[in-house]
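I opened this notebook to record what I looked up in one structure. The entries follow the order of my reading.

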Amino acid sequence: MYNSENHFKFDKYCQVNNFKLKTTGEIIREQRETKGLLLRQVAAQLDIDTAILSKIERSERKATRLQIAKLADILDLDKDNLLVQYLSENIAYEIADDDLANQALKVAEKKVKYLKAHKNK
């Protein structure tokens with residue numbers, strides 16, 4: 001359910017942490033380095049190859065939703081905020097080059113609200 005107070009808090013969090021301008025991979029890399037963890041250490045916890053994690057950090061490869069959730073846990077990042085970043089990035093890259101992207105986002109937001117409201121009926 002949409003909560004405007006939580007939305008405001010998240011928006012403020014994004015502004016403070018520059019989530020809006022950074023890729024998911026950059027956020028992951030910065031937090032990994034801040035925590036002093038090596039690529040191989042985090043990759044081992046994810047059960048993936050170090051090269052794959054490196055590509056995720058460089059935005060050359062997309063992580064899965066499950067990997068994002070695990071990374072949030074490993075790196076002590078807020079899971080919901082990182083998942084929102086990940087999902088919004090996926091949407092943005094999918095429609096960024098379309099002239100109707102902004103209109104489509106507005107309609108999609110309305111559709112999401114409608115679907116959630118009618119899901120249990």
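Entry 1, a single residue. I looked up Thr24 in this predicted model and asked whether Thr24 counts as buried or exposed. Thr24 counts as buried because its relative accessibility is 4%, and buried means under 20%. I placed Thr24 in helix α2, which covers residues 24–34. I then looked up its contacts, leaving aside neighbours within four places in sequence, and found Ile68, Leu82, Gln85, Tyr86 and Glu89.

Entry 2, the whole protein. I noted seven helices and zero strands. Read from the N terminus, the elements run α-α-α-α-α-α-α. The protein has 121 residues, of which 28% are buried. I recorded an exposed area of about 8900 Å², with carbon and sulfur atoms supplying 52% of it. I also looked at contacts between residues at least 6 apart in sequence; 52% of these join residues at least 24 apart.

Entry 3, the core. How many residues does the largest nonpolar core have? I found 19 residues in this core, and those with the most contacts inside it are Val42, Leu46, Leu53, Ile68, Leu71 and Leu75. The elements giving two or more residues to the core are α2, α3 (39–46), α4 (50–57), α5 (65–75) and α6 (79–95). I noted that α5 gives the most, with five residues.

Entry 4, one core residue. I looked up Val42 and set aside its neighbours within four places in sequence. Val42 is in contact with Arg32, Leu37, Leu53, Leu71, Ile74 and Leu75.

Terms used: Residues are numbered from 1 along each chain as its sequence is written. This is a predicted model: local features need pLDDT of at least 70, side-chain atom pairs count only at pLDDT 80 or more; totals for chains, interfaces and linings use all residues. Side-chain values use heavy atoms; hydrogens and water are left out. Helices (H or I, at least four residues) and strands (E, at least two) are DSSP runs, numbered from the N terminus. Buried means under 20% relative accessible area, exposed over 50%, partly exposed in between (1.4 Å probe, protein chains only). Contact means heavy atoms within 4.5 Å. Accessible areas come from the Shrake-Rupley method with a 1.4 Å probe; for residues, only the protein chains shown count as cover. A nonpolar core is a set of buried Ala, Val, Leu, Ile, Met, Phe, Trp, Tyr and Cys residues joined through side-chain atoms within 4.5 Å.
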